[in-house]
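Colleague: Please take a close look at the salt bridges of this model, and then set them among the helices and strands around them. I would like the cut-offs stated as you go.

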Amino acid sequence: MAEATEISTVGTEQMAPARRAIVFGGETRNMVMGITMLGGGVAAFIAGLTDTFFAEATAWTFIAWGALFLYGDLLLATRRFIVTDEGLEISIPFRFWNRHKAWEWKNIYRMDVIIDRRNTHPKDCQIQVYHQYPGEIAIDREDRDFDSELAALIIERAGLKPDGDAVGVDLSNLPFGKSTVLTWKR
């Protein structure tokens with residue numbers, strides 16, 4: 001799932017040396033909800049079912065919600081987690097605000113793996129990565145589908161230690177069947 005790439009940055013005068021980065025791709029979601037709502041709203045106009053104000057307003061509402069669902073799926077599909085020697089970078093090119101985050105490893109202080117009772121496969125679990133800039137009270141958190149390789153890299157590079165139920169847990173073999181939160185922190 002992850003791919004190692006060479007990333008080079010362009011300086012003001014010369015090309016900087018390439019740095020090694022491991023890129024974890026976006027998450028795929030089922031886009032049926034967005035397509036159905038958008039299609040239903042458009043179909044109401046095509047079929048001439050919008051003679052009354054309420055019917056037209058409902059059709060426009062379906063179109064708006066369908067477009068928002070599709071945009072949310074596009075954001076998740078294009079999001080990239082990039083692991084470098086300096087830190088964790090999160091890139092979401094289609095987001096209108098805060099498209100790129102760069103977190104240094106020393107400022108990542110916690111990572112949780114959320115396992116729900118109904119989860120039967122690692123891809124159903126969630127990773128929550130917590131970050132806090134020094135001297136700030138605001139905490140940043142990024143959530144994504146579980147990836148054992150990404151979780152292991154974050155734990156190793158941020159220097160996180162297992163806490164509570166996470167002690168002795170193998171990330172490639174998660175304990176399923178009960179709701180639990182596995183925590184690693186500084």
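Modeller: A salt bridge is counted here when a side-chain nitrogen of Lys or Arg lies within 4 Å of a carboxyl oxygen of Asp or Glu. The model is a predicted one, in which local features need pLDDT of at least 70 and side-chain atom pairs count only at pLDDT 80 or more, while totals for chains, interfaces and linings use all residues. Residues are numbered from 1 along each chain as its sequence is written, and side-chain values use heavy atoms, with hydrogens and water left out.

On that basis the structure holds 11 salt bridges, one of which joins Glu-142 to Lys-101, with the closest N and O atoms 2.6 Å apart. Glu-142 belongs to strand S8 (residues 140-145) and Lys-101 to strand S5 (residues 100-104), so this pair ties together parts that are 41 residues apart in sequence. Strands (E, at least two residues) and helices (H or I, at least four) are DSSP runs, numbered from the N terminus. Both partners, Glu-142 and Lys-101, are buried, where buried means under 20% relative accessible area, exposed over 50% and partly exposed in between, computed with a 1.4 Å probe on protein chains only.

This pair does not stand alone, since Glu-27, Arg-29, Arg-79, Lys-101, Glu-142 and Asp-145 are linked in a network of salt bridges. Within the network, Glu-27 forms a salt bridge with Arg-29, and their closest N and O atoms are 3.4 Å apart. The two partners are placed in unlike surroundings: Glu-27 is buried, with a relative accessible area of 4%, whereas Arg-29 is partly exposed at 37%. A further salt bridge is formed by the side chains of Glu-104 and Lys-106, at 3.5 Å from N to O; here Glu-104 counts as partly exposed at 41% relative accessibility, and Lys-106 is exposed, with a relative accessible area of 58%.

Strand S8, which carries Glu-142, leads on to the sheet. It is an open sheet of five strands in the order S8-S7-S6-S10-S9, with antiparallel pairing, and two strands are taken to pair if DSSP finds at least two bridges between them. S8 and strand S9 (161-163) are the edge strands, each pairing on one side only. Neighbouring strands of the sheet are turned by 20° against each other on average, direction ignored. Further in, S6 and S10 run antiparallel and are joined by six bridges, and Arg-110 stands opposite Lys-185 in S10. S9 pairs with strand S10 (residues 180-185) in the antiparallel sense over three bridges; Pro-162 stands opposite Trp-184 in S10, and Asp-163 stands opposite Thr-183 in S10.

Helix H3 (residues 148-158) lies across S8 as well as strand S6 (108-115), strand S7 (126-131) and S10, and runs at about 155° to S6. Such angles run from 0 to 180 degrees between N-to-C directions, with axes fitted to C-alpha atoms, for helices over the stretch in contact, and contact means heavy atoms within 4.5 Å.

The remaining helices can be read together. Helix H1 (residues 32-46) has 15 residues and reaches 20 Å from its first C-alpha to its last, close to the 21 Å expected at 1.5 Å a residue, the expected span being 1.5 Å times one less than the number of residues. Gly-34, Met-37, Gly-41 and Ala-44 are the buried residues of H1. Seen down the axis of H1, these residues fall within an arc of 110°, so they line one face of the helix; the arc is that of the directions from the helix axis to the C-beta atoms. Ile-35 and Ile-46 are exposed on the other side of H1, and just after this helix Gly-48 takes a positive phi of about 75°.

The buried residues of H1 pack against helix H2 (53-78). H2 has 26 residues and reaches 38 Å between its end C-alpha atoms, close to the 38 Å expected. Its buried residues are Ala-59, Ile-63, Gly-66, Asp-73, Leu-75 and Thr-78, and what covers them includes H1, strand S3 (80-83) and strand S4 (87-91). Val-42, which has its place in H1, counts as partly exposed at 37% relative accessibility, and its C-alpha atom is separated by 7.1 Å from that of Ala-59, 17 residues away along the chain.
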